[in-house]
Amino acid sequence: MDRAQLTDWIAAYEQAWRTPGTDVLAELFTEDASYSTAPYENPHRGLEAIAEMWEEERFGPDEVFEMNSEILAVEGDTGVARVTVDYEEATQTERRLHRQQKEYLDLWVVRLNHSGLCSHFEEWPFWPPGQEGAPAAGA
């Protein structure tokens, strides 16, 4: 892997998050990939488990967010990136529409195979004080 390949994979990940359904995940992950949403969490194992988590965690492909990434390191088949995601959440009360910003700063550890598919994804999520957040634990 090189920095350009990891940059392209992250861009494809973002595009997949913005795409309806989960069929596109087969273009990102190997069939037996592991996806850990935080250190010490059990990973989601296999494309089917990743797809289930994917649909549970996102509000839908029309979520309003901005994502930026910076490649920190690449060694062999593994890369590390710092990823920031700023979400704008809309919630409706009886009479008002409220908009709330949520931000995340993540470190992603990504292992790509020779075909450019991810076989191991490990996320280290962080959020600012006073903002709730929780990783999606696997089985």
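**Exercise 1. Determine what covers the buried residues of helix α2 in this predicted model, and where those residues lie around the helix axis.**

Solution. Begin with the cover: the buried residues of α2 are in contact (heavy atoms within 4.5 Å) with surroundings that include α1 (3-17), β1 and β2 (44-45). Here helices (H or I, at least four residues) and strands (E, at least two) are DSSP runs, numbered from the N terminus.

Next, identify the residues themselves: in helix α2 (residues 47-57), those that are buried are Leu47, Ile50, Ala51, Met53 and Trp54, where buried means under 20% relative accessible area, exposed over 50%, and partly exposed in between, with a 1.4 Å probe and protein chains only. These residues span an arc of only 165° around the axis, and therefore they lie on the same side of α2; the arc is that of the directions from the helix axis to the C-beta atoms. Finally, turn to the other side of α2, where Glu48 and Glu56 are exposed.

The model is predicted, so that local features need pLDDT of at least 70 and side-chain atom pairs count only at pLDDT 80 or more, while totals for chains, interfaces and linings use all residues. Residues are numbered from 1 along each chain as its sequence is written, and side-chain values use heavy atoms, with hydrogens and water left out.

**Exercise 2. Find the salt bridges of the whole structure and state how accessible their arginines are.**

Solution. A search for salt bridges (a side-chain nitrogen of Lys or Arg within 4 Å of a carboxyl oxygen of Asp or Glu) finds three in the whole structure.

1. Arg18 pairs with Glu14, with 2.9 Å between the closest N and O atoms, and Arg18 is partly exposed at 29% relative accessibility.
2. Arg58 pairs with Glu55 at 3.3 Å, N to O; Arg58 is buried, at 5% relative accessibility, whereas Glu55 is partly exposed, at 37%.
3. Arg82 pairs with Glu70 at 2.7 Å, N to O, and this pair links distant parts of the chain, since Arg82 belongs to strand β4 (residues 78-92) and Glu70 to strand β3 (residues 64-75), 12 residues apart. Arg82 is partly exposed at 33% relative accessibility, and Glu70 is partly exposed as well, with a relative accessible area of 41%.

**Exercise 3. Describe the place of Ser36 and its contacts.**

Solution. First locate Ser36, which is found in strand β1 (residues 29-36). Then consider its accessibility: Ser36 has a relative accessible area of 8%, and therefore counts as buried. Lastly, leaving aside residues up to four places away in sequence, Ser36 touches Glu41, Pro43, Phe121, Glu122 and Glu123.
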